[in-house]
Every structure is written in structure tokens, then in C-alpha cells.
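Trainee: Before we look at the charged side chains together, could you show me the model, so that I can ask about them one by one?

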Amino acid sequence: MVKKINGFSLTLTVLLVVILLFPFWGKILYPIKYSDKLYDAASFAGVDPLLVAAVVKAESNFNPRAISKKGAMGLMQIMPETAFWLAKEINEPLAKPEELLDPEKNLVLGTFYLKYLIDRYGNLELALGAYNAGVANMDTWLKKNKAENPNLYPFNETKAFVKKVLWNYKVYRFLY
């Protein structure tokens, strides 16, 4: 004999099943690929590895061969000019831009850049805005009082990027 379930009980049962299964499905939707390299780079730079994973998820969805229309490369979508500057700053060998397609090299440089921006701006949202739009743009927006709130950023792409990374970061903190 099948017992009838009222609407409330069915909703509660479905909710319970989803909650119990979400971490499993969540980790499929929000993996941390290259986790050893990512955790090592984050630890070395002093950045939360889940934040790094959130940036990578937003930038390249963990595709190490990703290249943007503007020329940003690799997992963390680093511009070659920024990468050469970073490599010199942290004494990391970098001979040619194609090396940014190496996950380990990209994670080391990108994580140090993220740490630099967090330290420079003292605010995660500002750091993420600068990561996406560039330091020069962020500094201009700060002078014009358009940087304190990501919704005021002149670039829609930057607004969306900051929101996406912050969402990813929440999800990663929940799952891991």
C-alpha cells in the first residue's frame, strides 16, 4: 500500500534530499581542478585557496588553455604584460607569454597578483574590480567615487565579474 504524502511533507522531503545531495552535485558543478597546485600557490601567496578557486572558476572555468579576446591567458586570465611585471617582482622565471598556459605558473603569478591587489586596496570587492578592469581603471574610479560599490563600476563586465567571483566564493566555502 502506498501512503499519500501531502504537499508540505513532499516539499520537506524533496528539500531534505536536495540538501543532503547538494555537496555531491555542488562539487561536480564547482570542482577545484589542479587543487594541489592551487593550494600550494595560495598558501605561498597568503590567499584563501577557495578565493583563488572562485577567481579561476569565473575567469576560465579551470581551462588552462583559455585565451581571452584581449589576450589574457590561462587559468587566472593574466595579461602577459602583468605577468612579466609580476614575475620580476617575485623572482619567478617567465621567458615567454605561452608559459602562462602552464597551470602551475599561471596560478603562482595570478595568486600573487590577487594578493597584491587585496593588499593595495584593502577591500576584496575593490581588488576583484581591479583584477578584472585593471589598476588604472580602479584608481580612476576611486578618484571619482565610483569604486566603493561594484554596481557603480562603469564596465558591465567588471560588475558581473565581481558578483560572479563573490558568488563562487560563497559556494566554494559552503562545499569545501
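Trainee: Is Lys115 buried, partly exposed or exposed?
Mentor: This is a predicted model, and in it the relative accessible area of Lys115 comes to 25%. Since buried requires a value under 20% and exposed a value over 50%, Lys115 counts as partly exposed.

Trainee: With which residue does Lys115 form a salt bridge?
Mentor: The partner lies four residues apart from Lys115 in helix 5 (residues 103-121), so that about one helical turn separates the two. The closest N and O atoms of the pair are 3.2 Å apart, and the salt bridge of Lys115 is formed with Asp119.

Trainee: How many residues apart in sequence are the parts that Asp139 and Arg120 tie together?
Mentor: Asp139 and Arg120 form a salt bridge in which the closest N and O atoms are 2.6 Å apart. Because Asp139 belongs to helix 7 and Arg120 to helix 5, the pair ties together parts whose separation in sequence is 19 residues.

Trainee: What is the relative accessibility of Arg120?
Mentor: Its salt-bridge partner Asp139 counts as partly exposed at 24% relative accessibility. Arg120 likewise counts as partly exposed, and its relative accessibility is 38%.

Trainee: Which residues do salt bridges that share partners join into one network?
Mentor: One salt bridge brings together the side chains of Lys105 and Glu99, at 3.8 Å from N to O, and Lys105 counts as buried, with 13% relative accessibility. Through shared partners, salt bridges join into one network the residues Glu92, Glu99 and Lys105.

Trainee: How far away from Lys57 is the nearest side chain of opposite charge?
Mentor: Lys57, which is placed in helix 3 (residues 49-59), is buried yet has no salt bridge. A salt bridge needs the nitrogen and the carboxyl oxygen within 4 Å, whereas the nearest side chain of opposite charge, that of Glu59, lies at a distance from Lys57 of 13 Å.

Trainee: Which side chain does a polar contact of 2.9 Å join to that of Lys57?
Mentor: A polar atom of the Lys57 side chain lies 2.9 Å from the backbone oxygen of Leu29, and Leu29 is also among the residues in contact with Lys57 once neighbours within four places in sequence are left aside, a list including Tyr30, Phe62 and Tyr172. The polar contact between side chains, at 2.9 Å, joins Lys57 to Asn61.

Terms used. Residues are numbered from 1 along each chain as its sequence is written. This is a predicted model: local features need pLDDT of at least 70, side-chain atom pairs count only at pLDDT 80 or more; totals for chains, interfaces and linings use all residues. Side-chain values use heavy atoms; hydrogens and water are left out. Buried means under 20% relative accessible area, exposed over 50%, partly exposed in between (1.4 Å probe, protein chains only). Lys and Arg count as positive and Asp and Glu as negative; His and the chain ends are not counted. A polar contact is a pair of N or O atoms within 3.5 Å; within protein, one must be able to donate a hydrogen and the other to accept it, and residues adjacent in sequence count only if both atoms are side-chain atoms. Contact means heavy atoms within 4.5 Å.
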